[in-house]
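Let's take a friendly walk through a protein model, going from the overall plan down to a single residue. Keep the structure open beside you as you read.

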Number of protein chains: 2
Amino acid sequence: MVSADSEPRPPARTRLDPEARRTQLVELGLEMLSTRPLNQLAIEDIAAAAGISRGLLFHYFPSKRDFHEAVVRAAAADMLARTAPDPGLPFIEQLRAGVEAFVDYVSENPAAYVSLVRGAAGSDPALQAIFDQTRTEICHRVFERIGAEKPPTRVRLAVRGWVAFSEEAVIDWISEPASDLDRTDLIDLLDAALVTLVAMAAAPPTSG
Amino acid sequence: MVSADSEPRPPARTRLDPEARRTQLVELGLEMLSTRPLNQLAIEDIAAAAGISRGLLFHYFPSKRDFHEAVVRAAAADMLARTAPDPGLPFIEQLRAGVEAFVDYVSENPAAYVSLVRGAAGSDPALQAIFDQTRTEICHRVFERIGAEKPPTRVRLAVRGWVAFSEEAVIDWISEPASDLDRTDLIDLLDAALVTLVAMAAAPPTSG
């Protein structure tokens with residue numbers, strides 16, 4: 001995220017090339033999204049923080065919605081990068097590392113995450129698509145690790161359901177802090193839930 | 001939903017008392033929500049279907065948002081009523097009946113349900129509150145049935161997570177119909193997931 005230039009860059013009203021300016025604006029949006037929900041991400045505040053006019057911001061992002069989309073896309077990419085599996089580890093350790101990174105990411109960026117899951121995923125089809133792609137990417141990571149690129153539907157639903165389970169559990173844990181469940185306990189719970197659910201789904205159904 | 005009057009009611013331009021008119025408009029909204037998402041629920045179409053002017057509709061619902069809120073509230077109440085447990089049955093049968101009713105409700109009203117879960121739950125705080133209350137009510141039903149009004153956090157998160165799991169699994173199943181998982185298999189999966197997750201969460205954690 002930091003430029004490789006050795007010269008420190010003056011903070012405001014600097015002439016940036018278009019790509020650098022876009023990146024700067026999205027990063028400011030991401031920063032703000034760590035403390036407030038997406039629908040409170042005002043264009044005016046971003047422009048002020050970047051030291052540019054509202055009009056110039058609209059030059060880079062034709063509408064507030066375009067800007068929000070770019071920020072949500074960056075939030076999703078950030079979360080996926082933070083939770084990327086280390087292929088050098090055994091599956092169960094990859095899973096744990098991924099879950100740890102996920103819990104920490106959501107703990108550090110609750111508003112961004114809740115925006116991604118609930119707010120952003122709302123009525124806007126473009127944001128809904130980012131949300132779906134993110135969830136699908138997480139599922140594919142699990143499928144690859146369990147050696148089932150095209151798993152049976154029971155397993156696919158169990159894994160997709162587990163992602164939703166984890167999102168809900170972490171959001172609930174952050175919203176109502178509990179003295180009887182610390183970070184490690186939460187990670188244990190999410191870990192165990194995946195192993196349990198996949199084992200359950202992979203076993204032949206016992207319909208009765 | 002059907003009036004107890006034995007006389008058939010003429011379809012349009014009838015003078016209704018305000019409460020009956022409100023109910024009629026919300027029911028028309030619910031009906032339309034069974035085939036299209038909330039953000040495509042146009043006030044004009046509702047007014048036309050009710051045989052009233054757009055202006056009169058706004059007399060009952062000051063804004064499109066107020067109307068959407070009333071419709072989403074009715075959709076949530078409808079879903080909760082459809083899935084209400086029968087206290088005369090043993091827990092495991094109550095669970096199964098509730099899950100069956102839930103799967104059928106979502107299958108019959110996919111757009112309404114997806115609007116409630118994803119669309120509606122989006123950036124609007126009032127709709128988000130309806131969504132949260134609905135999820136909380138389902139969890140309380142489970143807590144009551146397992147005899148734990150104030151469960152430990154592990155169990156609370158497991159049950160809340162299971163509701164999210166079930167929502168995701170049913171939406172995924174509807175969106176990508178599968179030849180290897182029929183309605184009964186899906187109900188089995190959701191049933192088994194709750195039993196498995198609660199058992200896992202209620203057991204002492206085996207943190208490593």
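Read along its sequence, chain A of this predicted model follows the pattern α-α-α-α-α-α-α-α-α. In other words, chain A has nine helices and zero strands. A few values for the whole chain are gathered here.

| Property of chain A | Value |
|---|---|
| Residues that count as buried, of 208 residues | 49% |
| Contacts joining residues at least 24 apart, among those between residues at least 6 apart in sequence | 68% |
| Exposed area | about 9900 Å² |
| Share of the exposed area from carbon and sulfur atoms | 55% |

Now bring in the partner chain. A turn of 180° with a shift of 0.0 Å along the axis lays chain A on chain B, with an RMSD of 0.0 Å. That is the relation of a two-fold axis. The copies meet through the same surface, because 100% of the interface residues of chain A are also interface residues in chain B.

Next, look at one helix. H4 of chain B covers residues 64–82, which makes 19 residues. From first C-alpha to last, H4 reaches 27 Å, close to the 27 Å expected at 1.5 Å a residue. Its buried residues include B:Phe67, B:His68, B:Val71 and B:Met79.

Finally, find B:Ala193 in helix H9 (residues 183–202) of chain B. Is B:Ala193 buried or exposed? Its relative accessibility is 0%, so B:Ala193 counts as buried. Beyond its neighbours within four places in sequence, B:Ala193 is in contact with B:Trp162 and B:Phe165, and also with A:Leu197 and A:Met200 from chain A. B:Val159 lies 34 residues from B:Ala193 in sequence, and their C-alpha atoms are 10.0 Å apart in space.

Note on methods:
Residues are numbered from 1 along each chain as its sequence is written. Chains are lettered from A and ligands numbered from 1 in the order in which they are written. This is a predicted model: local features need pLDDT of at least 70, side-chain atom pairs count only at pLDDT 80 or more; totals for chains, interfaces and linings use all residues. Side-chain values use heavy atoms; hydrogens and water are left out. Helices (H or I, at least four residues) and strands (E, at least two) are DSSP runs, numbered from the N terminus. The expected span of a helix is 1.5 Å times one less than its number of residues. Buried means under 20% relative accessible area, exposed over 50%, partly exposed in between (1.4 Å probe, protein chains only). Contact means heavy atoms within 4.5 Å. Copies are superposed by least squares on the C-alpha atoms of residues with pLDDT of at least 70 in both. Accessible areas come from the Shrake-Rupley method with a 1.4 Å probe; for residues, only the protein chains shown count as cover.
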